[in-house]
Each structure stands twice: as C-alpha cells, then as structure tokens.
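Let's take a stroll through a protein model together, one piece at a time. Keep the picture open while you read.

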Amino acid sequence: AALQLLTQAQRPSIVAGGGVTAAGARAELIALAEKLSIPVATALNAKAMFPADHPLALGVPGSYSRACANQALCEADLVFFIGSHTGGQVTNGYTIPPQGTPIIQLDINPAEIGRNYPIKVGLQGDVRSTLRRMLTEAETMAPRTAWIERVQALVQAWKSSGSHVFTSDVEPMRPERLCRDLSNYLPSDAILVSDTGHSGIWTGTCIEFNGAGQTYLRAAGSLGWSYAAARGAKRSRP
C-alpha cells in the first residue's frame, strides 16, 4: 500500500529521521530514493544519512533548516517519514509539511505512527529491514522530471542566495564560511559533534556530509556538551 501511494504521487518527498541512523540504513535510503525518484530531506539526527551533493538531496527541514527543504515539503503531495518522531523541530511546529498533506510513516515504535500527523499508511518495523523489503517489491520508476527540476531549482536558489557569505573573507570569520571550509576539510570518517543553540543551527543548516563513513551528532545536553562528546567520540572511534 505504501509503494502504491509513492508511485502514484506526483510530488512525493521523504523525511529521514534518527531511525535511519540507528538502523544503519543509509544505503537503503539512497537506493529507495533513487529507485522511486523521490527527493530526500534529512532531520538533524539523520543529517549524514544522505549525501548533500546528491541530486535528490533537499537538506534539513524544520526549525534548524534550509528554506529549500521547507519549501519542497510544503509543495509535496505526499511525504514519507522514515524513522522520524515528527516532532516540533523537524516540522517547524507541525507546519512543515502542512496539516492535510498525505503522510506515510515508518517507525519501529508503534506509538510514534500517526502521533502528530494523520497517516494514509503506517509501517511498523526496523528501518533497514523494511526499506530492503520495499526495495525488493518496488519497480524502478521513470524520473519525475518536472518535480526533480523544481526541487533542484529550490536548492540552487538557496545556495546562490548565500554564496556571498559562504565565500566571504571578512573578519571575524562568518559562520557560513567556517561551515563551508569544514565541509571541504572533513575526512571520510569524520565524527562532527555540535553543541546546542546557534552551533546546532549553523552546523545543521550549512555543514555538508558526502562520505558514507561520516557522522553528525547533535547536542544531547546543555551548552558545553560537545567538548566532552568530542573526547568520547575520539576514544570510541580513534
């Protein structure tokens, strides 16, 4: 039933959440998006789960977000939440996508399914196992040319609008420039931890991950969390 809705939609989008990260389902997410020609937005907890340079990548939606991701989700005629709590931050107070948008939701916890959005189809299961099952049953779709061109135009417009600050040489250094340089510098196995507040906003919005081995961890505590978190990450993954 979920695949039927996804193939019938004209402007579908995926919102990938922390369940994709927990299940290690990066490859399956990419494969399903490519097979069904569906753009993908990533919550902060899944930021490293979809390559930022992929032609189907929208960026982060919600409160800590890129305007292009929010606009695409507002224009979508179907949204597939994968491993997402559909909380207030990723939906910008339950306004993105707008209430009334047809929703499919996959989560391992049945209590999450339909909790914040009425759904057309609910799928309870591990993200990786479920996406693998969907991949075996899905037929490869022809590219949704008009929709993909529209979302790519939104992404390019967002990047162009900030190009002057991403490359700015002013001092003190602009946070956008710092994020761009970090994105270019980070090795393929980098673990980037981000504090709460403005650090989370800037890194969530502007840092780009393209390597399959890269990891992004947002603050799980108050200000100062990232220093201890960086030490812990270095010890566990030296």
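## Starting from one residue

Set aside the neighbours within four places in sequence, and Ile 207 is in contact with Lys 47, Arg 66, Cys 179, Leu 182, Ser 183, Leu 186, Leu 192 and Trp 202. Before going on, keep in mind that this is a predicted model. Where does Ile 207 sit along the chain? Ile 207 is in the loop between helix H9 (198-206) and strand E8 (215-217). Is Ile 207 buried or exposed? Ile 207 has a relative accessible area of 1%, so it counts as buried. You can also check a distance here: the C-alpha atoms of Ile 207 and Leu 178 are 9.0 Å apart, while 29 residues separate the two along the chain.

## The sheet

Now look for the strands. Strands of a sheet pair through backbone hydrogen bonds, and the pairing can be parallel or antiparallel. Here you'll find an open sheet of six strands, with parallel pairing and the order E3-E2-E1-E4-E5-E6. Strand E3 (57-59) and strand E6 (121-124) are at the edges with a single partner strand each, so one side of each has no neighbour in the sheet. On average, and ignoring direction, neighbouring strands of this sheet are turned by 20° against each other.

Here are some of the strand pairs, each with one example of bridge partners.

| Strand pair | Pairing and bridges | Example of bridge partners |
|---|---|---|
| E2 (residues 40-42) and E3 | parallel, two bridges | Ala 41 and Gly 59 of E3 |
| E1 and E4 | parallel, five bridges | Ile 14 and Phe 80 of E4 |
| E4 and E5 (residues 103-107) | parallel, four bridges | Val 79 and Ile 103 of E5 |

A helix joins in too. Helix H4 (residues 67-75) packs on the sheet and touches strand E1 (12-16), E2, E3 and strand E4 (78-82). The direction of H4 makes about 115° with that of E3.

Take a moment for E4. How many of its five residues are buried? Five of the five are, so E4 is described as mostly covered. Which residues point which way from E4? Leu 78, Phe 80 and Ile 82 point one way, Val 79 and Phe 81 point the other way, and all are buried.

## Two helices side by side

Next, find a pair of helices. Two packed helices are described by the angle between their axes and the distance between the axes. For helix H3 (residues 26-36) and helix H5 (residues 127-137), the axes come within 9 Å and cross at roughly 30°. Angles under 35 degrees count as roughly parallel, and H3 and H5 are therefore roughly parallel to each other. The crossing in which H3 passes H5 is left-handed.

Which residues make the contact? From H3 come Glu 28, Leu 29, Ala 31, Leu 32 and Lys 35, and from H5 come Arg 128, Leu 131, Arg 132, Met 134 and Leu 135. Sorted by class, the contact of H3 with H5 has six nonpolar residues, four charged ones and no polar ones.

## Backbone details in the loops

Finally, a few spots in the loops. Follow the chain out of H3 and look at Ser 37, which is in the loop between H3 and E2. Phi of Ser 37 is near 55°, a positive value in a residue other than glycine. With a relative accessible area of 7%, Ser 37 is buried. Not counting residues up to four places away in sequence, Ser 37 touches Ala 142, Pro 143, Arg 144 and Ile 148.

Asn 92 isn't a glycine, but it has a positive phi of about 50°. Asn 92 belongs to the loop between E4 and E5. Is Asn 92 buried or partly exposed? At 34% relative accessibility, Asn 92 counts as partly exposed.

The loop between E4 and E5 also holds Pro 97. Ile 96 and Pro 97 are joined by a cis peptide bond, with omega at about 0°. Another cis peptide bond joins Glu 171 and Pro 172, where omega is about 0°. Where is Pro 172? Pro 172 is in the loop between helix H7 (163-166) and helix H8 (175-185).

How values were computed:
Residues numbered from 1 in each chain as written. Predicted model: local features only at pLDDT ≥ 70, side-chain atom pairs only at ≥ 80, totals over all residues. Heavy atoms only, no water. Axes fitted to C-alpha atoms, helices over the stretch in contact; angles between N-to-C directions. Parallel < 35°, antiparallel > 145°, perpendicular 65-115°, else oblique. Left-handed = near helix turned anticlockwise from the far one by under 90°. Contact = heavy atoms within 4.5 Å. Nonpolar A, V, L, I, M, F, W, Y, C, P; charged D, E, K, R; others polar. Pairing = 2+ DSSP bridges. Buried < 20%, exposed > 50% of the residue type's maximum accessible area, 1.4 Å probe, protein only.
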